[in-house]
Every structure is written in C-alpha cells, then in structure tokens.
Amino acid sequence: MNDDWRLQIDLDDAGIGGQISDHLRAAELEHDLETAFDQRVIVSHEGERIYLYAGDRAQLERAKGVVQGQLDQKGWDARFDLRHWHEDAEDWEDPDAAEPTTAAAKEAEHERLMKTEDEETAARGGLAEFEVRVEFPSHREAKEFAAKLEDEGLEPVRRWRYMVVGAADEDAANELADRIRAEAPADSKVTAEGSLAAAWRERPPNPFFFLGGLADG
C-alpha cells in the first residue's frame, strides 16, 4: 500500500528525539503494529521533531500509541498532528475535514483497491534479505518512480517522498541501487543494506524503517 499518511510529533523536552528513535529501533519493542514489509512505518527525524509515515491511518494510529506509551513512561510531553496527503490540493490536510461527496466516493473506491492489493501481496509472502532505500527530492518524483518499478513487477513501499524496495541478496540490492542512482533524479539519496529479515528469525520484528533528515517534511 502506498497511500500517504503522516504523523508529525513535536517533542516539548529538549534532547529526547534520539531517545524516542532508539526506543522505536529496539528489537524487543512491544507493539500491535503490522510487521509485513509493505506495512511498515517510515521514520524520519531531526532534533525534537519526528515524522512517521504509513500507508494507512490505522497503522499510523497504532504507531502513535507506541510513541505515546514511551512518552508517558518517561513523563515527557509532545504534540501530535495527523495529516493525509490530498492529491488535488497537493498538500497535507486534516483527514477529518469534510470533503465533497464525489471526492469521498473516490477515496472509498481507492481504499477498496488498496485493500485488495494488500491481500494479494500478503498471499505472495516472503521477506527480503536486503533493502534499497531512497529519499527523493519531492513527493511527485517518488510516486512516479515507485509506479515505474511497480509496472516492472517490483513491490516498492513508498511513504511520502521515501521508498524502500526489497532485494533477494546483496548483489541484487547493489545492482538495483546502482540502477536507481542512474535513473532517479540527481538529488536522490540511495542506500543498499541488509534488511531486518535475518534478524527477525531470532528477534521480534520491528515495524519501522529509519531514514534520514526531514528536509521539507
């Protein structure tokens, strides 16, 4: 699923952004989030602001609960702002704001399509051993490149302007990363690395991907 949902977290206490990120990285993290490759949450943070990106609202609401639990345990405060990307407005908007009936119907149809695609992906199963992670200069470029890979039969996970693609082995990951560097916009940031799949065999799965800085959010 590649719908765009974002949770902005502004932390009130200085110096705790790194601690929250470390908590989310912890393999022993207790959560009820989906851990399938295409359902994981992308995390980007800088200083005391953290962004969580997910493919659907329910997953992001659960991720919010994970962060809130850590804040409550430590006695820290934060402000949460949930947003959904609206294609027509090309902006992050309040997901609970009223929309025209035709737009609502279109969104409902889209959600049904996404649910079907999720079920098809789950039926295929399997976890990638390596991952190629890409940060694009813009949302539009990320969406277009992800669509290009999907047309070729690949299954990229895109959240906002970030994309993650699984690869069967290190050679395949490096080859794909080189190709993306050659074809993606010049300012894109591309990395290839081992995924969490191997670690999952011995440790509880982590539902988060971690990427770089915030840029324009």
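Strands here are DSSP runs of E with at least two residues, numbered from the N terminus. Keep that in mind as you click around, and remember that the model is predicted.

**Stop one: Tyr53.** Select Tyr53 and you land in strand β3, which covers residues 49–54. Is Tyr53 buried or exposed? Its relative accessible area is 1%, and buried means anything under 20%, so Tyr53 is buried. While you're here, add Leu82 to the selection and draw a C-alpha to C-alpha distance: you should get 10.0 Å, for two residues 29 apart in sequence.

**Stop two: Asp4 and Arg158.** Now for the charged pairs. Side chains of opposite charge can pair when their charged atoms come close. The structure holds 14 salt bridges, and we'll visit a few. Start by selecting Asp4 and Arg158, whose closest N and O atoms sit 3.0 Å apart in a salt bridge. This one ties together distant parts of the chain, 154 residues apart: Asp4 lies in the segment before β1 (5–11), while Arg158 is in strand β7 (residues 157–159). Turn on a surface and check both ends. Asp4 is buried, at 2% relative accessible area, and Arg158 is buried too, at 3%.

**Stop three: Arg40 and Glu131.** Next, pick Arg40 and look for its partner, Glu131; their side chains form a salt bridge at 3.2 Å, N to O. Where do the two ends sit? Arg40 is in the loop between α1 (17–25) and β2 (41–46), and Glu131 is in strand β6 (residues 130–135), putting the partners 91 residues apart in distant parts of the chain. Arg40 has a relative accessible area of 1%, so it counts as buried. Glu131 is buried as well, with a value of 1%.

**Stop four: Lys148 and Glu183.** Move on to Lys148 and Glu183, a salt bridge with its closest N and O atoms 2.8 Å apart. Here the link runs from helix to helix: Lys148 belongs to α4 (residues 139–151) and Glu183 to α5 (residues 170–183), with their positions 35 residues apart. Which residues join this pair in a network? Extend the selection to Glu152 and Arg179: salt bridges with shared partners connect Lys148, Glu152, Arg179 and Glu183 into one network.

Before leaving, colour this pair by accessibility. Lys148 is partly exposed, at 33%. Glu183 comes out at 36%, which also makes it partly exposed.

Note on methods
Residues numbered from 1 in each chain as written. Predicted model: local features only at pLDDT ≥ 70, side-chain atom pairs only at ≥ 80, totals over all residues. Heavy atoms only, no water. Salt bridge = Lys/Arg side-chain N within 4 Å of Asp/Glu carboxyl O. Helix = DSSP H or I, 4+ residues; strand = E, 2+ residues; numbered from the N terminus. Buried < 20%, exposed > 50% of the residue type's maximum accessible area, 1.4 Å probe, protein only.
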